[in-house]
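Here are some notes for a colleague who is meeting this structure for the first time. They are set out as numbered points, to be read alongside the model.

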Amino acid sequence: MQNDKTNLDKTFGWAFIGCGAIAHTVAKEIVKSGKHKIVSVFSRTKARAQEFALKYGATAYDTLEDAINCKNVDGVYIATPHSAHYKNILEALNCGKPILCEKSFTINSAQTQEVLKRAEDKKVFIAEAMWTRFNPLIAQLRRLIASGELGKICSVKAAFCVPLWASKPFVAERVYKKEYGGGALLDLGVYPVSFCQMLLGKPDSVDVVGILNNGIDVDNVITLKYNNEQSLNNAQSLNNAQSLNNAQSLNNAQSFNNTQSLNNEVKTQCSKQNCATQENQNGVNKKPNATVCTLYASLKRLKSYTAKIVCERGIVTIPMFYRPSKMKIKLAGMKPKTLKTQSGYIYQFDAIATAVFAGKTEMAQISHSDTIVVMTILDEVRAKLNHKYADNIESL
């Protein structure tokens, strides 16, 4: 699958807040593209900021405000621990510069709603850095589902499990320390939750079975249930392909519409998920009475990153769904089709830069309302687990 590249009229200058592993991974990729430049950097540890600045041709500053107010900064990228996002966003908003903040966006939905309201009042661009949504394959998936060719969604399974708990001394403290908002949910679970919210919107019910260890969630099985008529949750129409991404359309010579009977795999999967589907006279399953999403987020389970979407007229399987490079589409009466692309952060950063230069204040891919719903779901999961963080990082 080929991708059109975004052509920026000029280089976009970034102020990086935070110098951890994710900041380095992002910096390497976007600087290499030649379309982005890291102008300034701030970290709680001055030596780390200076090392980062030297490596990427930036200038290290002693304060966050000085880094953001530096000349030639077009936008702010916040890559600090979850516990610092709320404060960092507020400080950045006071500077009036566009903001891209890593996920989870804040510690809770109250903080999210507060910063988004302030951004909207100030007419300052702000977005959650959910890079998955900018991937060309995910953009293609959204268009395909919006077209109706797959039919209604019967069930979704998605997992983001990485056995980091046994290796705590060797992983970032933000993953397992309560004071940083640690745990599987905010670090890993935000991906499958956001994935389902992208496809189905706000669920009618949220349930979870989880394990807490020293006040940190280490294993979660989350169930989102949708009872009502399905509609894709978007601030703007998904039918506008250009507003979502630059990915080219699927092979137009081959239509996905097909009224032949579903293959046994689709029928079996729907049955297993209690989709309550029935066949009509054409052999195509009727829409389910309820759609169930089963999501896994764990610091203990064996590695798993796959998402599977079972629909009335087919199945979509996405290995490494949070950063996919291929996607398999299996539709009734047709041979499976595998689409491929190159994964990367560049799609997100190009889209953000283009939006900022165009004077926008939010993204269609991850709207403000999307981020609020995702954070609300995460809140409900934590509430059901009786999982609370300290007041100093939960409060406004």
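1. The lining of the largest pocket is a mixed one, with its residues divided into 21 nonpolar, twelve polar and eleven charged. Please keep in mind throughout that the model under discussion is predicted.

2. The space in this largest pocket comes to about 1300 Å³, and among the 44 residues that line the pocket, those closest to its centre are Ala21, Ile22, Ala172, Arg174 and Asp187.

3. Which helices contribute at least two residues each to the lining of the largest pocket? They are helix H1 (21-33), helix H4 (82-95), helix H7 (173-176) and helix H8 (184-200), and it is H4 that gives the largest share, with seven residues.

4. Turning to enclosed space, there are two cavities of 30 Å³ or more, and the second largest cavity holds about 40 Å³. Its lining is made up of Met130, Thr132, Arg133, Tyr191, Ser194, Phe195, Met198 and Phe321, which by class amounts to five nonpolar, two polar and one charged residues.

5. An open sheet is built from six strands, which follow the order S3-S2-S1-S4-S5-S6 and pair in parallel. Strand S3 (59-60) and strand S6 (126-128) each have a single partner strand and stand at the edges, so one side of each has no neighbour in the sheet.

6. At the S6 end of that order, strand S5 (residues 99-101) runs parallel to S6 and is joined to it by three bridges; in one pairing between these strands, Cys101 has Glu128 of S6 as its bridge partner.

7. An antiparallel arrangement appears later in the chain, where strand S11 (residues 307-311) is joined to S12 by five bridges. These two strands form a hairpin, with two residues between them, and the bridge partner of Lys308 in S12 is Thr317.

8. S12 also pairs with strand S13 (residues 326-331), to which it runs antiparallel and is joined by four bridges. Thr317 takes part here as well, since its bridge partner in S13 is Lys328.

9. Why can strand S12 (residues 314-318) be described as largely enclosed by the rest of the structure? Four of the five residues of S12 are buried, so the description follows from their burial, where buried means under 20% relative accessible area.

Conventions
Residues numbered from 1 in each chain as written. Predicted model: local features only at pLDDT ≥ 70, side-chain atom pairs only at ≥ 80, totals over all residues. Heavy atoms only, no water. Pairing = 2+ DSSP bridges. 1 Å grid on protein atoms, 1.4 Å probe; cavity = no way out; pocket = protein on both sides within 12 Å on 5 of 7 lines; lining within 4 Å. Points joined across faces, edges and corners; volume = space filled by probe spheres on them. Nonpolar A, V, L, I, M, F, W, Y, C, P; charged D, E, K, R; others polar. Buried < 20%, exposed > 50% of the residue type's maximum accessible area, 1.4 Å probe, protein only.
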